[in-house]
Amino acid sequence: MRLILTRHGETEDNITSTIQGQSHGKLTKLGIQQAVKLADRLKEEKIDVIYSSDLARSADTAKKIHLFHPKTPIVFTDALRERNFGSHTGGNLKTFDWDNIPEDVESSEAMRKRAVLFFDKVFKKHHNSTVLIV
């Protein structure tokens, strides 16, 4: 499997250091430009399938890429969501206490297991394909 990993464009919450967690987020003008630039960079790549988080910030980025690959299947999934920060979603990333993570925040282990499960499924299904993940 050939794997292409990308990130969503800049969001309004990135600028303010707001913890987005599993909220949708909104791309800024720069974020939209970044998504378009990324799509242009990938337009000549052979891509067999696109997987994206179902959150708007990633989905909007994936849709820009998909414009150059209209016949390529695109799958939106909650398995690729960012860590769930629970009640701390919307808080400030700069003041979040990483040494004292509250119980309602998804643990690193749970997030890791979620990612491993997703990648195992993708590898089994697309082991001879080029997979793009946003």
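In this predicted model, M1 is partly exposed, with a relative accessible area of 34%. The residue belongs to the segment that precedes strand β1 (2-5). Together with L3, L5 and F123, M1 makes up a nonpolar surface patch whose combined accessible area is about 370 Å². M1 can be part of this patch because its relative accessible area of 34% passes the cut-off of over 30%.

Charged side chains were examined next. The count of salt bridges comes to 8. One of the pairs is R57 with E82, where the closest N and O atoms are 2.8 Å apart. This pair links distant parts of the chain, since R57 sits in helix α3 (residues 56-66) and E82 in the loop between β3 (74-77) and α4 (108-126), 25 residues apart. R57 is buried, at a relative accessible area of 2%, whereas E82 is partly exposed, at 31%.

A salt bridge also forms between E106 and R114, again with a separation of 2.8 Å between the closest N and O atoms. E106 has a relative accessibility of 15% and therefore counts as buried, the limit for that class being under 20%.

Within helix α4, R112 and E109 lie 3 residues apart, about one turn of the helix. Their side chains meet in a salt bridge, with an N to O distance of 3.0 Å. Both partners fall in the partly exposed class: R112 has a relative accessible area of 45%, and E109 one of 39%. Elsewhere, R2, R41 and E45 are joined into one network by salt bridges that share partners.

Notes
Residues are numbered from 1 along each chain as its sequence is written. This is a predicted model: local features need pLDDT of at least 70, side-chain atom pairs count only at pLDDT 80 or more; totals for chains, interfaces and linings use all residues. Side-chain values use heavy atoms; hydrogens and water are left out. Patches are made of residues with over 30% relative accessible area and no salt bridge: like charges are joined within 9 Å, nonpolar side chains (Val, Leu, Ile, Met, Phe, Trp, Tyr) within 5 Å. Accessible areas come from the Shrake-Rupley method with a 1.4 Å probe; for residues, only the protein chains shown count as cover. A salt bridge is a side-chain nitrogen of Lys or Arg within 4 Å of a carboxyl oxygen of Asp or Glu. Helices (H or I, at least four residues) and strands (E, at least two) are DSSP runs, numbered from the N terminus. Buried means under 20% relative accessible area, exposed over 50%, partly exposed in between (1.4 Å probe, protein chains only).
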